Every structure is written in structure tokens, then in C-alpha cells.
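This report describes one protein model, shown below. It is meant to be read with the structure open.

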Amino acid sequence: MQSPLTFPALHASHAGIWMATPDGQVRTVGKGDAVGRAAETPMVMLNAPLVAQRLGYAELSGLDVLELFAFVHPARFVVPTAKGLANVLGITPRQQPVTVINSSVTLNSFQGLSPSTLETKTLKQVQGDGSGNGDGDGGGNGTEDGDGNGDGGGVNRNAGVWNDEEVPHLLLSATEKLLATLADPVWPEREGAWDSAQALMRVRWPWANIVLRHLAKPEKPERWLFARLPEWEETAPRTPPRVVTLNPDAVQAQLASLVGNGAETRQGQRDFAQAAARIFAPRARKGEPNMVLAEAGTGIGKTLGYLAPASLWARNADGAVWISTFTKALQRQLVREARRIYPDPESFKQKVVVRKGRENYLCLLNLEDALQGGFAGRAATLAHLVARWAAYSSDGDMIGGDLPGWLPTLFRRNGSTALTDRRGECIYAGCPHYKKCFIERAARASVQADIVIANHALMMVNAARGRDEVSRPTRIIFDEGHHLFDAADSMFAAALTGQETVEMRRWVIGPEGKARGRRRGLAARLADVASYDEEGGLAIEMARIAAEALPGDGWLGRVAEGVPSGPVERLLHAIRTMVFARDESNLAESGYGLETELADPPPAVVDAVADTQVALEALARPLTLLGTRLEAMIADPPDWLDGGARARVEGAMASLGWRIDTVRAWISMLARAVGPVDADFVDWLAIDRFEGRDMDIGMHRHWLDPMKPVAEIVLKPSHGVLATSATLRSGGDWPNAEARTGAVHLDHPAEHFSATSPFDYAAQAEVLIVTDIKRGDMAALAGAYAALIGASGGGALGLFTAIRRLRSTYARIADRLARDGLPLYAQHIDPIDTGTLVDIFRDDPHASLLGTDALRDGVDVPGASLRLVVMEQVPWPRPDILHRARRLSYGGTDYDDRIIRAKLAQAFGRLIRSAGDKGHFVLLSSAVPSRLLTAFPAGTSIRRVTLEQAVAAIKSGLSPVTNIRQDDANTLQEGNPI
Ligand code: SF4
């Protein structure tokens, strides 16, 4: 059944391009040769889109070993690099030298030449001597003459790093290992593989033939995905929690048991746990939750600090505590920590549930549609690999769960979003997979759980649009509480734009023209309601007619060309004209977004607003009527409305309510456009653009203070709320924390608690402000990054406030660093999702990563992989219309300073994550006002230096940590969570 692998392997990095034949020959090649060869012969490669980018070729097809991995080991984690693949498959570097043929040999002469006739280079055996591949020969394969920089740019075999020249061999070995697994009798992911491979063959997956040659046909038919998934059980609603009071000694005992192994708990952590416990006290008055604001510096151990009272209260009161985070990294950490409370895997499954927005989960009905012909080409291949994953997934979470983040990007995200329920088209009990649906299962599990791990956005969506009053969170812990304001700002914003209105039209009417797939309009989704209830049926038809006034496909082109169709497109055209006329930013020249205030609109906008109001009212009326008809049906159910149909009608009511709210919000925005100002809101008009092209056009409205609705909808109905973070005061003081968490809007004042970090920042970190890089000098900026990253030997996180400068820097330095053995990755450039980029960065201490905002606060990389943070400039707030309004209301320059200090503190916070971490924080700015420097922890050394001095300081490193504060010296051990 098996056959030897006969394909060559291709590897491309910034340092060069290498190919290997199955018989062991490796050669360097030029870009043209590599592209030509890849077009002729299928080649094994790792991450084809990344290889294509390195070759400067848009589309490169081949045998991507990551796709094979996803088939053989679905739902298994691997860092998608040579090192990551080798680690997970147990492949070690070859001990013999690798023979490398230089690129002067033509492709046609490559095979069949004996090594003696070739110019060869021999890899230096680096294992044991600690020297590296140095600065190489500049030609791409830099394998000789290490420059002796040892632990800097040198490659250390002991760290499991693979030289570029070795990677093609590794790819062939990995392929052989994965194919051999297919014949392994104890391969745990065998079930369903045969059928899946057959289906993949039909959609022309390049690996399918090879896989089928190695895979035995099962003797009896195997369970397919939909048969394999378990059904969720309906359970009785949970009774309200008992009234209990937590005994302080019991809280401390619970904390000690969670910290475990006889380790002493720290005083700061003990105090924190006691403060957190206060939110579980019985509430004194309705609408007045026990709220605690707790700032706890990095290293306090706040996760276990709040899990201790939370788990105790959940057990004693038989209630659920919701823990909300902003980043996925903290969610993952929480899941790990919660295992200490429930070490038995079965109880853990019942007691701890992770909840995310429904758009994160795979929709089985969408998947079935994709598998049955709804998707074509590469998207169909992705759908089959996702189906294979779904059968082994623990929770069906496609974003941040056990679906490898890199899998959709291998397919250029082609089709992955269509597999989730992004548009609220779920048909609930009408769906054949309802009883196995991942979303429904997670929702039911959370009703009975003790600890529900969620995110800020979901908490707010649930509170604003939750279907079930009884299961609403009443005890809430907001970790990363400094992000509450931003999460609320997006959640409670409204936008009347082309893209939003197109979505609304599709939701009401369904697919039009040549659109494919199962997506259906309101009439099809509620056909049984329409046939039973005449008034309801009429409302659906009226809504369909009214939705035809909304923009349809091709609206952007019509609006840009001045031939809008319908009242909303006419409004968008008038807005576009007005924004271009009034913009003073000159950003049109650079191709990015434009905006203008909604003040004194010209007649064209006023007229179009009036027509749009009429059109939207015509849509809101029948939708509202339909909502009332559905409510009446639930109140007085007809005979045919069994449990399933009822659940479906209730589901339709929930998504209908959300649509009605949206249309009403649009109508109120339009009233503001031609009426008096509402001081609670900030309104503006904008054109979103990318690289000179319009992406969306419309009207935007944000709350001036988005914590007002949060206080009403989330805080006041709850009994206890803890908001905590290492930077809760966000560069200000307690009034700032009160404002940013919504506590300022409560009648009952929140309690305050603070504990400083136990880390010795004076010994562990140093801030260097580099003063001789001129602002706007792109070449100098890139040169500074290259010098700093070179000095630290990688391990650098580079933070930018503008994508344009990030791209320019990356383009100038990536090749140079790669030749020194220092790989550089970048958000917005590499075709890899951000989570995977961080995984790659964490896994390779020589790698560096450039990125923007998401990395400033979403990277948790303790240890040697992150030892340098470089910020390109002081993170001044973007001077947009929304910022200007808030700045005016909240203190002018002081408001700006608080924002900047918060951003600096968050960025600095990436550097020191554990007691053993050491590193430098570099700010490239000739002018940093001293008042901003309080952003850094007390005791941190701060120096203003030249670039040369900064490079020297980084090269010489920091002195060993000697000054851990006494309280923590014996407890800050590895594994003690922060
Ligand atoms: S119940 Fe809804 S979300 Fe779940 S699989 Fe069916 S349609 Fe998709």
C-alpha cells in the first residue's frame, strides 16, 4: 500500500530559498527557478501562502505539510514552523553535514549529479560548541564562519532551532512520519479518516491520492461527524443561588489549597483574595451591587486570588460566577488555573465552561451546506478539513479554540467565516443538528456551571440582548478591567453604513441573483408562522418590500460613480461628497480613512436623510408588528407549536429584536443629523478606505461615555462585581478607574483595593529613551529597529502606532536580520493570524515580532523569548472626532496624558511577566515629557540615551536579579501563576 515519497521539498525564508530531493540533495535556488519548479511538480512545503509571499508570487500551490498535519491530527496544537513541527513529531536534526549545492547549477542538471561534481558547502556542526551561523555570506545560505556572537544571532541546536538548509529535509521527514501514522494501528484520530480522504479526493485536495495510498479502508463503515458528536441534554432551570457569607479563613484556606504543593501564599495575594471576596456579600439594595475595584500589579497572583472566593461561593451558594476577560491569552490561562479547582476531568467539564460569541463557533448546518456543494475549490477543501477537526474538537470554537489558528489562513480565510453563524441566521429547533449544535451545548452547559469564562463583549451582548433572564450573570469578575471602556465603546456604538444596510437587506430578503448557499430570508425562515398567522405573514411581506430600499450588491461602485439606487444609496453618495469636501486631514492622499463632523449638512444630505427616514420607518413598522405576532403566538400557542417550534420562534424573536433595535438606532441617528444635538452622543460621517479604495461609507454614533449603558444594563442588575487589572487606574487615579469601569454611575460607591507588584523592576528592567532618531525619518527608524534587535539577538517585540511605518520598517530589515539568523515576523504582513504569530514568537527565542495595538496588550510571553520591547514613538491618541469630543469633556491634556500613560504601562507590562524575566523597554522619541514617565513601575531605571548607547546597554544586558522583595523571595518560583 505504501510507496516512497517522490516529491521534492521547498523552503523559503528571508535569507534564501532551498530545495531538497527525496534522495537527500539540497540546493539553493533563485525565486524564478523556485516558482517555475513549483508550477511543474508538486512540492512539499510548510505554509504555502507564506512561501508564496517570500517568493513574491501571489498563488503557489503545493503539498502543504500543515494541511496534512491538520488531516492526520485534527484539533492538535502545533506551532507552524520547522521547529514546531519537529518538536511535535519528535524529529531531531541530522547529525551528518547537509550538502548544499549552490544556485549556479541549473534546475535541469540538478537531479542525477554526483556530489563530487558539485560545489558544496558543509554545515558547521554547531551542537556542543555553542557558536552560530553568524552573519553568513550575505547570499542567502549563510552557513559558514559564525561570527562568534554565541547566544545572540547564533543558532543553538540545543534550543531545537533548525538551520534553513535543513528545513527541506525536515519537511520530507515530517511528511513520511505523518503518512506512516496513517498505518499505525493505535492512531487515535483514525475514525472518519477514510471517508474524509475520499471526500477530499473529490474536491481535488493535492494530498488525497497520497493519503489514500497509505490508509487502509475500514472493515465496517465508520461513524461520520454528525453521528459522532454527542447530543446535549436539556436540564431544569437552575434555582437562584443561596444567600451565603464567605468566612475569611475559609477564603484563605481555599487560596492555599489552589496555590498548592505546600507553597506559601503571598501577602499581596492573600489581601487581594479577601478584597475579591467582598463582592459575594449579600447585596443591601436592589440596583446597588457590591462593587470592588482592585488594581493588582503583575506578579500578585490575582487569577488564583479571585478564583479562591469565586469557587468557594459557587460551591456554597450553588450559583455561577462569570469571569470576563479581554484577551484570549488570559482566557486560556484561566482555563488552566481552573483545573486546580476541579482536578477531576469530568467535574471540570461540568463546572467550568468557556463561553464566546456565537460567531466564534462552527455552525453544523453551514458546514453541511458547504460539504454538500455549497463551497467550491479551495474553500471546499477547507470545509472538509474543518469537518475532520469538528469530530475531534472539544467545543467547536473556530477562533481561539482547538482549531489551529493557521488552518483558515492557509486557505486565505476563503470560506471560514461562512462556516460560523455570523449573521444570526440560526434556525434553532428547526435545524437538524440542533441537539448537537456546539453553540446550544455551550449555552446549556453554562447554566449549570460554577465558573463561566467569557469575554467583555459577550457579557455586554448577553446583558443587552440575552434571551433568558434567569441565566443572566449576577456575580461578575472583569479581569483586564482597563479594557471595559473600549469594549463598551464598540458594543454600544451604532453605524448606519453601506455594509451594515446590505447585511440588513440580506437578513430580510435572503440571497438574490446568483447567490448560492442555504442562507434564507425572513419569509423562508418563518414560513410556518406566515401560513398560520395572516397578519404575521403580511408583516413579513411588507418587510421584504421595504428592505428593497436598502443598498444591494454593487452599491459601492454605484455610489462612487454617482449613480446611486434607492434612498439609502443616495444618502451614502451625499455623505461621500460631503466628507471629501470637508476633510482637512489630507489623508485622502495617503489612501486611508476620512471623516467629518455631522454639522451644518448641505441640502443634498438633508434631503437624502428625509427620504432614508421614510424608508427605514417603512421597514421598522412591519418588523415591530411581526415581533408582536410572535410574542402573541408564544403567549397563546397553537396546537402545532411543539417544543422545537417554540424554541425556533423564540430564537427568531431574539434576532428580530436585535434588528428592530438596529433600525430604530439608525432612525434616531438620522433625526440627529437634521435636528438638535444630543449631548450624550458623538456623531460623525466617515469613509473607510484601504490603500486608496473605499471600503465603507456612512454615519457613526458613539456614546460620549459608553459606561453609562454598561452601568444600567450590566452593573446595576448584578449583585457583585469585581473589576481588576494591573493598570486599572490607566495612568490616572481612582476617579479615572471609577469612570473607566462605570462605577461612577452607581449610587452605592465601589470599594478600592491596590497591591503593588512584587517584582524588583530596578533589577529586572530598564527603560531607554532613544533621543537621536528624527521623527518621520523612515530609514533611521528601520535602522534603529535592526540595530536594537541585532543587539538583543532577537526576542524583541516591536510596537507601532501606524501600519504604514510597520510595513516600511519590515521591508527594510527583514532580509538583513534573517541572514543573521534572526527571523522577523509581522502582523498585517505575514499571512498568519495574530495568535499564531505570538505562538511562533514564543517558541523561538531568536524570533522578533512587529505589530500594532493588538500586540500591545495581548501578548503573554514569560521567559527569554521576550527580552526587548521597542516602541516606535510616544503613543499619542489619534486626533479623530470621537477623541476630540472626549478630550473636551474629560480634561484636555490630562485626558491625553492618561491615555498615553495607560498605553505605555500596557506595553511595558509585556516585558516582565515572571520573577525571572529581565529586559529593556526602548522608546524611540526625542521628546518624551517627564510627566508621562510615571507610567513605568516605581523603581524602574529610566535613561535618555543615543541609539549607540542603547545598543551597548542591550548588548551588555542587565545585572542578575538580586533584589526580589523579601516578602516574595521564597514564593516567586516557576509555575507560581501571575
Ligand atoms: S442550531 Fe443554529 S447555529 Fe446550531 S448548527 Fe443549527 S443553524 Fe447552526
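The text covers the chain as a whole, its nonpolar cores, one pocket, an annotated region and one exposed residue.

**Chain overview**

The model is predicted. The protein chain has 978 residues, and 56% of them count as buried. Its secondary structure consists of 38 helices and 25 strands. Among contacts with a separation of 6 or more, 77% are between residues 24 or more positions apart. The exposed area of the protein chain is about 39800 Å², with carbon and sulfur atoms supplying 51% of that area.

**Nonpolar cores**

The largest nonpolar core holds 76 residues, and the members that touch the most others are Phe 71, Val 211 and Leu 362. Helix H15, spanning residues 377-392, gives the most to this core, with 11 residues. A second, separate core has 54 residues, including Val 508, Leu 616, Leu 656 and Leu 670.

Which residues does Phe 71 touch, not counting those up to four places away in sequence? Its partners are Leu 182, Ala 193, Ser 196, Ala 197, Leu 200, Trp 205, Val 211, Leu 385 and Arg 388. Val 211, one of these partners, is also named with Phe 71 among the core members that touch the most others.

**Second largest pocket**

The second largest pocket has a volume of about 1100 Å³. Its lining is made up of 48 residues, and those nearest the centre are Ala 296, Gly 297, Thr 298, Ala 726 and Thr 727. The elements that give two or more residues to this lining are tabulated here.

| Element | Residue range |
|---|---|
| Strand E8 | residues 290-296 |
| Helix H11 | residues 302-317 |
| Helix H12 | residues 328-341 |
| Strand E18 | residues 751-755 |
| Helix H35 | residues 853-858 |
| Helix H37 | residues 893-909 |

Helix H37 gives the most to the lining, with 5 residues.

**Annotated region**

An unreviewed UniProt entry annotates residues 778-803 as "transmembrane region". In the predicted model, residues 778-803 are 62% helix and 15% strand. The C-alpha atoms at the two ends of this stretch are 13 Å apart.

**Glu 534**

Helix H23, residues 534-547, contains Glu 534. Is Glu 534 buried or exposed? Glu 534 counts as exposed because its relative accessibility is 73%, and the cut-off for exposed is over 50%. Along the chain, Glu 534 and Arg 629 are 95 residues apart, while their C-alpha atoms are separated by 9.8 Å.

Definitions and conventions:
Residues are numbered from 1 along each chain as its sequence is written. This is a predicted model: local features need pLDDT of at least 70, side-chain atom pairs count only at pLDDT 80 or more; totals for chains, interfaces and linings use all residues. Side-chain values use heavy atoms; hydrogens and water are left out. A nonpolar core is a set of buried Ala, Val, Leu, Ile, Met, Phe, Trp, Tyr and Cys residues joined through side-chain atoms within 4.5 Å. Buried means under 20% relative accessible area, exposed over 50%, partly exposed in between (1.4 Å probe, protein chains only). Helices (H or I, at least four residues) and strands (E, at least two) are DSSP runs, numbered from the N terminus. Contact means heavy atoms within 4.5 Å. UniProt positions are given in the numbering used here, feature names are shortened, and annotations may be inferred rather than shown by experiment. Accessible areas come from the Shrake-Rupley method with a 1.4 Å probe; for residues, only the protein chains shown count as cover. On a 1 Å grid over the protein atoms alone, a cavity is a set of points where a 1.4 Å probe fits but cannot get out, and a pocket is an open set with protein on both sides within 12 Å along at least five of seven lines; lining residues have an atom within 4 Å of a point. Grid points are joined across faces, edges and corners, and a volume is the space filled by probe spheres set on the points.
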